[in-house]
Amino acid sequence: MALALAAPAGLFSCSPGRGKSPLPAWTWYVAGKDRRKIKKDLALFGRMGFEGIHFQGSDEIVAWAAPLARKEGLRIHRWIITLMSRDKKIMKEHPDWFVVSREGKSSFDHPPYVPYYKWLCPNHEGVVRHLEERVRDTARIDGVEGVHLDYIRFPDVILPKGLWKKYDIVQDMEYPQYDFCYCDVCRGRFREEHGIDPLDLPDPSADNAWRQFRYDSITRLVKHLYEVAHREGKQLTAAVFPTPSIARRLVRQAWDQWTLDAVFPMIYHNFYEKDIDWIGDAVQEGQQALQGRFPLYAGLFVPAIPPERITEAVRQSRMNGADGICLFRYSVMNEKHWENFLV
Ligand SMILES: [Zn+2]
């Protein structure tokens with residue numbers, strides 16, 4: 001199944017002399033200010049027969065690049081950082097919008113893991129209005145076909161195992177300083193629905209209703225933003241954790257239940273101390289949970305894939321039913337990678 005706005009037939013045959021990716025390919029792309037470089041990169045993706053790009057850049061750069069991308073035969077979705085926020089205006093005016101841990105500390109002034117880990121609470125009315133505006137304004141940019149949500153989740157209550165060493169941390173259970181959100185809005189809403197303050201639960205980490213409440217908080221926000229994008233005639237896609245089970249456990253994403261045009265799980269095998277063949281298992285779990293509701297593009301972490309194994313990574317995705325793949329980061333693709341990527 002291709003992404004809903006089907007690519008014209010023959011899109012991948014427009015690179016004479018070059019091969020093509022055996023699966024529809026996308027890439028995540030962070031644009032700098034150098035317009036010449038962006039133009040060159042877009043031409044490269046066009047030549048390689050890519051289906052689309054998730055493009056991160058300023059309003060001005062996105063508006064400038066969108067028509068160029070389309071000229072290269074590429075779909076362009078604007079890639080936005082959704083619930084993690086470094087917005088100075090929000091910090092100044094709305095410190096109460098940020099998620100609060102089970103210890104009662106706000107990620108605004110007590111961010112977990114790293115100083116920039118400040119996250120907005122999906123249940124704050126103000127946060128919802130703010131994101132609604134961002135999605136609507138982005139969707140109104142000419143040539144942009146969709147909005148791509150990244151960091152659409154809670155902060156990691158448990159980090160991927162491959163990162164424990166980096167942060168000198170062992171997370172064999174949910175610890176209170178990494179467990180969010182216990183802000184007044186979330187506690188109030190949960191109490192209204194279930195008759196108890198989540199802080200009064202005997203073990204909040206083991207409570208199914210409280211866990212479900214947080215899955216639903218994100219699921220509801222995504223559905224709302226999907227409607228906003230679609231009202232403007234645009235699509236909504238998202239980058240998510242690798243499988244529905246891992247995504248629920250680590251960051252409260254029940255993404256197989258979301259309303260989307262396509263999902264891009266970041267199947268970064270090395271983050272989970274797995275080998276490349278695990279990519280196939282992850283794709284399979286995702287597709288089984290989705291049951292064809294929307295397409296799944298397997299996000300591949302190129303820095304952990306040697307050139308001679310990229311064929312295998314793509315094959316694992318294809319054999320297990322991925323609708324496409326998406327590269328992170330294309331910039332570490334060397335000649336040998338490209339050679340093995342295109343067949
Ligand atoms: Zn909250």
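Hi everyone, let's start with one residue: T27, which stands opposite L327 in strand β8. Before I go on, please keep in mind that this is a predicted model.

So where does that pairing sit? Strand β8 covers residues 324–328, and it pairs with strand β1 in the parallel sense over three bridges. Strand β1 itself runs over residues 25–30.

Now look to the other partner of β1. T27 also stands opposite I53, a residue of β2. Strand β2, residues 52–56, is parallel to β1 as well, and five bridges join the two. To get from β1 to β2, the chain passes through helix α1, residues 35–47, in a right-handed β-α-β crossover.

How many of the six residues in β1 are buried? Five of them are, so to speak, under cover: the strand is mostly covered.

Let's move along the chain to a second pair of strands. Strand β5, residues 235–240, lies parallel to β6, with four bridges between them. If you want a place to put your finger, take A238: its bridge partner in β6 is V263. Here too a helix belongs to the picture: β5, helix α8 (residues 244–251) and β6 form a right-handed β-α-β unit.

Finally, stay with β6 for a moment. As a reminder, side chains in a regular strand alternate between the two faces of the sheet. Which residues of β6 are on each side? A262 and F264 are on one side, V263 and P265 are on the other, and all of these are buried. Both faces of this strand, residues 262–265, are covered.

Thanks for listening!

Conventions
Residues numbered from 1 in each chain as written. Predicted model: local features only at pLDDT ≥ 70, side-chain atom pairs only at ≥ 80, totals over all residues. Buried ≥ 20, exposed ≤ 12 C-beta atoms within 10 Å, placed from the backbone. Pairing = 2+ DSSP bridges. Right-handed = clockwise from strand over helix to strand, strands pointing away.
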